[in-house]
Amino acid sequence: MSAILYDYLVLGGGSGGIASARRAAMYGAKVAVIEGSRLGGTCVNVGCVPKKVMWNTASIAESIHDAKSYGFDFKGVTPSFDWNAVKQKRDAYVKRLNGIYETNLGKDNIDIINGFASFVDNKTVKVGDQLYSGKHILIATGSKAVIPDVPGAKEFGVTSDGFFELEHLPKKVAIVGAGYIAVELAGIFNALGSSVSLIIRKGEVLRSFDSCIRDGVLNAYKDAGIDIISHANITEVKNLDPNGKKLSLSILNNELQTTTVKSDYESLIFAIGRDANTDRLGISNTDIKLNDKGYLITDEYQNTGVPGLYALGDICGIEMLTPAAIAAGRKLSERLFNGKADYKLDYQNIPSVIFSHPTAGSIGLAEHDAIAKYGKENIKIYQSKFVNMYFAMTDYKPKTHYKIVCHGPNEKVIGLHLFGLASDEILQGFGVAMKMGATKADFDSCVAIHPTAGEELVTMR
């Protein structure tokens, strides 16, 4: 059987793969995208996009709660909430996005090959009974959420993917994990009225982030009534209701080595990490190397070390963010098909946001990382804690916390960390400033916009 040859063969129809494929096609390359599931990848189907819809939904619930403080009177009527109605509209929106991706690939004359690719050798993959080869092959098959090997966990628990399959709002839910996905889901459920337990292995959430974000989110969630079960691992899951779901969790305290049982959970969601999506790829038939966590090893240009084979996005385990994969994919195609030999993504100072309640955002080095890298004597910290003006009218007064991490005598800004309302929107513009090498003096030179929360960043002393 002869292989069908392409200039560029892209394995994976997620955000990074599609962005790279379309950019290559723009320069006249013959391109195909191989995808066995829905176009758009994790972000569009079971990640960023539908998650943001649910975050918006939860934010509206919070606004309804705050409405009385602003003079609104519902005359004793509590607005009802229909989870399934939101789900149906959300799913229809995602389906429309799937169609848009397909249409755009068609407009760019990119072939869509339905199925999962498996390598035969370094230059050839097989989909079904057909062989395909590429002068250049990009692996962008992403990652997958995992469930621990604990009795009952896989039978009765779901991953974050399963969150989007829920047909109703659970009265009581347990979420396992301390990363941003677990934190985001916990905030959504809590704002919509579920009783939430967040089960974390250590004593903190968001451990890779700066302390102002770690502490801010954890304290906010405790204040909101979320049950934080720390230093804990689930050792067994049972369903006590043969006609439905009434889950019982055996929870081991890692410090005390004692086990407690918590019951009556309608849903159990694991958000404990993600593995590289390599199961079907037949990587062993290539010369590609994997690291000790199973991710593909690449250099700064997305090269795998095997001529003509490249990888980017979640499958590499570096900056597992959709915009990073899109940017890396476009840079790669510029290099391969437009002669820009030095094009590569700068993985330094990539902004990231946690859609917690309230939101948090970060770019650059956390304070502890900056001190470890440059020494405490070379680091200057500016920070501000304040109550956002939105809460001037409410009974509760949560604190917003901003931190600027500066290095050297000219106080170059090497870290910016935000916790509080609208941190997600505020961070983008300041991210541009940091990419341009802004100093604290540059921040100070900008006249404040008043009254806003963001003005704190240009008035700190």
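## Close-up views of a predicted model

**View 1. Ile-199 finds its partner across two neighbouring strands.** In strand 11, the residue bridged to Ile-199 is Ile-229. Welcome to this predicted model; we start where strand 10 (residues 195-199) and strand 11 run parallel, joined by 3 bridges. Helix 7 (residues 180-192) packs on the sheet here, where the helix touches strand 9 (172-176), strand 10 and strand 15 (267-270). The direction of helix 7 makes about 170° with that of strand 9.

**View 2. Stepping back shows the open sheet.** Five strands make up this sheet: the 5 strands follow the order 8-15-9-10-11, with parallel pairing. Which strands stand at the edges? They are strand 8 (158-159) and strand 11 (227-229); each has a single partner strand, so one side of each is left without a neighbour in the sheet. As a reminder while you look, strands of a sheet pair through backbone hydrogen bonds, either parallel or antiparallel.

**View 3. Strand 21 pairs with strand 20 and strand 22.** With strand 20 (residues 379-387), strand 21 runs antiparallel, and 9 bridges join the two. Look for Ser-384, which stands opposite Tyr-402 of strand 21. The pairing of strand 21 with strand 22 (residues 412-419) is also antiparallel, and it extends over 7 bridges. How well covered is strand 21 (residues 399-407)? It is mostly covered, with 7 of its 9 residues buried.

**View 4. A hairpin links strand 21 and strand 22.** Now zoom in on the turn, where 4 residues lie between the strands. Gly-408 in this hairpin takes a positive phi near 80°. His-407 has Lys-412 in strand 22 as its bridge partner.

**View 5. Asn-122 sits in a loop and reaches Asp-287.** You will find Asn-122 between strand 4 (118-121) and strand 5 (124-127), in the loop that separates them. The side chains of Asn-122 and Asp-287 are joined by a polar contact of 2.8 Å. Apart from neighbours within four places in sequence, the residues in contact with Asn-122 are Ile-137, Asn-285, Thr-286, Asp-287, Val-306 and Leu-309.

**View 6. Cysteines without a disulfide.** If you are hunting for disulfides, the structure holds 0. Cys-316 is in no disulfide, and the nearest cysteine sulfur, belonging to Cys-48, is 17 Å away. Is Cys-316 buried or exposed? Cys-316 is buried, with a relative accessible area of 6%. Cys-43 is buried as well, and its relative accessible area is 12%.

Definitions and conventions
Residues numbered from 1 in each chain as written. Predicted model: local features only at pLDDT ≥ 70, side-chain atom pairs only at ≥ 80, totals over all residues. Heavy atoms only, no water. Disulfide = S-S within 2.5 Å. Buried < 20%, exposed > 50% of the residue type's maximum accessible area, 1.4 Å probe, protein only. Pairing = 2+ DSSP bridges. Polar contact = N/O pair within 3.5 Å; in protein donor to acceptor, adjacent residues only side chain to side chain. Contact = heavy atoms within 4.5 Å. Axes fitted to C-alpha atoms, helices over the stretch in contact; angles between N-to-C directions.
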